[in-house]
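Visitor: I have a model on the screen and some terms I want justified. Take me through them, please.
Guide: Gladly. Ask as we go.

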Amino acid sequence: MGLDATGTGSGPVTVQRGVPAGAEWRAAELYWDAFGRKLGPALNPPDKAVSFLATHLNADRAVCALLDGQLVGLAGYQLGGRALTGGSASDVLRAYGRVRGLHRLLLLTLFERHPAPGQLVMDGIAVDPGIRGRGVGSLLIEEVAAVAAEHDCREIRLDVIDVNPRARALYERRDFTAVRTEHTPYLRGLLGFGAVTTMRRPVEARGPRGLCTP
């Protein structure tokens, strides 16, 4: 893709679509670093969680940032019924056992988000701490927007939790608008957050014509 930003390595940070072959474990580590606090009760311990995420990753449902050929950031999205993080109920039960797995499945249902017709649901951004603040998140968002446009989506939707103001500020800078906040005080003790805000950004039609399916 044509997007890039100045990095600290020998070249620029470049953005590509899809997790590079062989980088699935690194992608899972970045994702867990960004969202482990929220997903921990469902997928802990961390080593098992990263292994589960890497094993069931849908590599074609991400845009990735690379610096000197190394994966340093990614943004997942849900399109055509598939998201970056995969794994069926039977996969969870197989990995965690039937008794503990059932409890984890109930927790995972709290995070399920399904796109309405014409929507692309963005599944958050994970950037290596060493290069945060250098515009990588913005590059990833704009590449997701390009994907949405090419599939004729009318808007991008995402959810941000109340304990992540930095992420919300980034989304607001990239033209996302808050449309609804769901207060969930009953989850604060369990998952560490007490409210979830839904944000949306309209998509400008451009690129090859396609079909955005829920």
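Visitor: Of the contacts in the protein with a separation of 6 or more, what share comes from residues 24 or more positions apart?
Guide: The share is 71%. Keep in mind that this is a predicted model.

Visitor: How many helices and strands does the protein have?
Guide: There are 7 helices and 8 strands.

Visitor: What percentage of the residues is buried, and what makes a residue count as buried?
Guide: Of the 214 residues, 47% are buried. The cut-off is a relative accessible area under 20%.

Visitor: And how much surface does the protein expose?
Guide: About 10,600 Å². Carbon and sulfur atoms supply 52% of that area.

Visitor: Let us turn to the helices. Why are H1 and H2 called oblique to each other?
Guide: Start with the angle. The axes of H1, residues 24-43, and H2, residues 46-55, cross at roughly 125 degrees. Roughly perpendicular covers 65 to 115 degrees, and roughly antiparallel needs over 145. The angle of roughly 125 degrees fits neither class, so the pair is oblique. The axes come within 8 Å, and the crossing is right-handed.

Visitor: Which residues meet there?
Guide: From H1, they include Trp25, Ala28, Tyr31, Trp32 and Leu43. Their partners in H2 include Pro46, Ala49, Val50, Phe52 and Leu53. By class, the contact has 11 nonpolar, 1 polar and 3 charged residues.

Visitor: What is special about the peptide bond from asparagine 44 to proline 45?
Guide: That bond is cis, with omega near 5 degrees. Proline 45 sits in the loop between H1 and H2.

Visitor: At what angle does H2 pack with H3?
Guide: At about 145 degrees, with the axes 12 Å apart. This crossing is right-handed. Lys48, Ala49 and Phe52 of H2 meet Asp91, Val92, Ala95 and Tyr96 of H3. The contact holds 5 nonpolar residues, 2 charged ones and no polar ones.

Visitor: Which residues of H3 are buried?
Guide: In H3, residues 89-96, the buried ones are Asp91, Val92, Leu93 and Tyr96. Just after H3 comes glycine 97, with a positive phi of about 90 degrees.

Visitor: Which residues other than glycine have a positive phi?
Guide: Among them are aspartate 68, at about 55 degrees, and aspartate 152, near 60 degrees. Aspartate 68 lies in the loop between S3 and S4. Aspartate 152 lies in the loop between H5 and S6.

Visitor: Why is aspartate 68 called partly exposed?
Guide: Its relative accessible area is 43%. Buried would need under 20%, and exposed would need over 50%. The value falls in between, so aspartate 68 is partly exposed.

Visitor: What makes aspartate 152 partly exposed?
Guide: Its value is 27%. Buried means under 20%, so aspartate 152 misses that class and counts as partly exposed.

Visitor: Now aspartate 60. How do you know that aspartate 60 is partly exposed?
Guide: The relative accessible area of aspartate 60 is 39%. With limits of 20% and 50%, the conclusion is therefore partly exposed. Aspartate 60 lies in the loop between H2 and S3.

Visitor: Which residues does aspartate 60 contact, leaving aside neighbours within four places in sequence?
Guide: Gly18, Tyr77 and Arg82. Valine 19 is 41 residues from aspartate 60 along the chain, yet their C-alpha atoms are separated by 6.6 Å.

Visitor: Why is histidine 183 called exposed?
Guide: Its relative accessible area is 60%. Exposed means over 50%, so histidine 183 qualifies. The residue lies in strand S7, residues 177-183.

Visitor: What does histidine 183 touch, not counting residues up to four places away in sequence?
Guide: Gly194 and Ala195. From histidine 183 to glycine 194, the C-alpha distance is 5.9 Å, at 11 residues apart in sequence.

Visitor: Last one. Is glutamate 172 buried, exposed or partly exposed?
Guide: Glutamate 172 has a relative accessible area of 41%. That lies between 20% and 50%, so the term is partly exposed. Glutamate 172 is found in H6, residues 165-173. Its C-alpha is separated by 8.7 Å from that of methionine 199, 27 residues apart along the chain.

Conventions:
Residues numbered from 1 in each chain as written. Predicted model: local features only at pLDDT ≥ 70, side-chain atom pairs only at ≥ 80, totals over all residues. Heavy atoms only, no water. Axes fitted to C-alpha atoms, helices over the stretch in contact; angles between N-to-C directions. Helix = DSSP H or I, 4+ residues; strand = E, 2+ residues; numbered from the N terminus. Parallel < 35°, antiparallel > 145°, perpendicular 65-115°, else oblique. Left-handed = near helix turned anticlockwise from the far one by under 90°. Contact = heavy atoms within 4.5 Å. Nonpolar A, V, L, I, M, F, W, Y, C, P; charged D, E, K, R; others polar. Buried < 20%, exposed > 50% of the residue type's maximum accessible area, 1.4 Å probe, protein only. Areas by Shrake-Rupley, 256 points an atom, 1.4 Å probe, with all protein chains shown as cover.
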